[in-house]
Amino acid sequence: FFHEFERKTFSLVQDLRKLFYSIYCTDDHTEIHKDINEIYKTVSRGLRDSSSFLLVKAQRNFTLGNYLSDFPGIVHFLVINRTQNKIIVPSLGAQGRSARYCHEIVQTLSKFHRRLVQCGYLGGFMRRKDLLYSYKLWFQNAGKVVSPENTVQYTPTQPRSQLLCMLYHNMVQHYFGVRAPLVECYELLTIHIGEVPLEYVNDSATRLMQVVCSDFAS
């Protein structure tokens, strides 16, 4: 799958280069502009259909309020299944200055997460201003948490240029070898208010992930 994805991505880049050359490096633009207009119309129709689908999906949105009583101090979270490429994230429902602030803290969480993944770490914490950012990665087999069979830490080669899906695929291969196809890779990223103890965040991570996945099992 991943090799096929990379092959098609390479083909897409080549096609875009040809399109760029045809538009800007040749004299006859008439035919190419007709083709571009047709492509534009086709893509626009597809995006309209996707927009309708997303509007329907938005009706299943949930807010953080569903989890505040069970996980006090939590500000935001993301549960990611890297094997199935699925993500569960609550709606922030913020507007104006609150929306900008939420965007800033999520961007901070994203950068923190990316830095740890590129170094091969399976988890970490970071306090910044009044917030506590946490990241945890683990593996499951048939719904049960499993520990890596290879105790040598995985260090990605060329992490900045490697496709993210390939990075996780190679990580699972490194830790589980021939059993890798049976293993799923999960991530949990959370933001808590800064006063929450690290021990609490660490202990509640697996429980939060289980509760969220159970709520969205359908």
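Is cysteine 102 buried or exposed, and what is its relative accessible area? Cysteine 102 is buried, at a relative accessible area of 14%. The legends below start from the whole chain of this predicted model and then move through a series of close-ups, coming back to this cysteine along the way.

**Figure 1. The whole chain is built from five helices and six strands.** Following the sequence of this predicted model, you will meet these elements in the order α-α-β-β-α-β-β-β-α-β-α. The chain has 218 residues, and 31% of them count as buried. If you take the contacts with a separation of 6 or more, 67% of them join residues 24 or more positions apart.

**Figure 2. Helix 3 covers residues 96–119.** With 24 residues at 1.5 Å a residue, helix 3 should span 34 Å, and its end C-alpha atoms are 35 Å apart, which agrees. Its buried residues are Cys102, Ile105, Thr108, Leu109, Phe112, His113, Leu116, Val117 and Gln118. To help you read that list, recall that an α-helix has 3.6 residues a turn, so residues three or four places apart point the same way. Just after helix 3 comes glycine 120, which has a positive phi, near 85 degrees.

**Figure 3. Two cysteines, cysteine 102 and cysteine 119, are shown with their surface exposure.** Cysteine 102 has a relative accessible area of 14%, so this residue counts as buried. Cysteine 119, by contrast, is partly exposed, at 36% relative accessibility. For a bench reader wondering about cross-links, a disulfide is a covalent bond between the sulfur atoms of two cysteines. With a cut-off of 2.5 Å between cysteine sulfur atoms, the model has zero disulfides.

**Figure 4. Tyrosine 67 and phenylalanine 77 form an aromatic pair.** The count of aromatic pairs in the model is four. In this one, the ring centres of tyrosine 67 and phenylalanine 77 are 5.6 Å apart and the planes meet at 85 degrees, so the pair is edge-to-face. Tyrosine 67 sits in the loop between helix 2 (30–58) and strand 1 (74–81), while phenylalanine 77 belongs to strand 1, so the pair ties together parts that are ten residues apart in sequence. Both tyrosine 67 and phenylalanine 77 are buried.

**Figure 5. Histidine 76 is a buried residue of strand 1.** How much of histidine 76 is accessible? Its relative accessible area is 3%, so histidine 76 counts as buried. Setting aside neighbours within four places in sequence, the residues in contact with histidine 76 are Leu64, Val89, Pro90, Leu92, Val106, Leu189, Thr190 and Ile191.

**Figure 6. More aromatic side chains come into view around Phe139 and tryptophan 138.** Phe139 joins Tyr175 and Phe176 in one aromatic cluster. At tryptophan 138, the partner is a charge: the charged end of lysine 136 sits over the ring, 5.6 Å from its centre.

**Figure 7. Helix 5 bends at alanine 205.** This helix takes in residues 198–215, which makes 18 residues. From its first C-alpha to its last, helix 5 reaches 25 Å, close to the 26 Å expected at 1.5 Å a residue. The bend at alanine 205 is about 40 degrees. Alanine 205 is also one of the buried residues of helix 5, alongside Val201, Ser204, Leu208, Met209 and Val212. Among the elements that cover these buried residues are strand 1, strand 2 (86–88), strand 3 (123–128), strand 4 (131–141) and strand 6 (184–193).

**Figure 8. Two loop residues, asparagine 85 and alanine 142, have a positive phi.** Asparagine 85 lies in the loop between strand 1 and strand 2. Its phi is about 55 degrees, positive although the residue is not a glycine. Asparagine 85 has a relative accessible area of 57%, so this residue is exposed. Alanine 142, in the loop between strand 4 and strand 5 (144–146), likewise has a phi near 55 degrees without being a glycine. With a relative accessible area of 74%, alanine 142 is exposed.

**Figure 9. Isoleucine 23 belongs to helix 1 (residues 2–24).** Its relative accessible area is 16%, so isoleucine 23 is buried. Isoleucine 36 is 13 residues away from isoleucine 23 in sequence, and their C-alpha atoms are 9.8 Å apart in space.

Key: Residues numbered from 1 in each chain as written. Predicted model: local features only at pLDDT ≥ 70, side-chain atom pairs only at ≥ 80, totals over all residues. Heavy atoms only, no water. Buried < 20%, exposed > 50% of the residue type's maximum accessible area, 1.4 Å probe, protein only. Phe/Tyr/Trp six-rings, centres within 6.5 Å; stacked < 30°, edge-to-face > 60°. Helix = DSSP H or I, 4+ residues; strand = E, 2+ residues; numbered from the N terminus. Lys NZ or Arg CZ within 6 Å of the ring centre and 35° of its normal. Expected span 1.5 Å × (residues − 1). Bend = angle between axes of the 7 residues up to and from the residue. Contact = heavy atoms within 4.5 Å.
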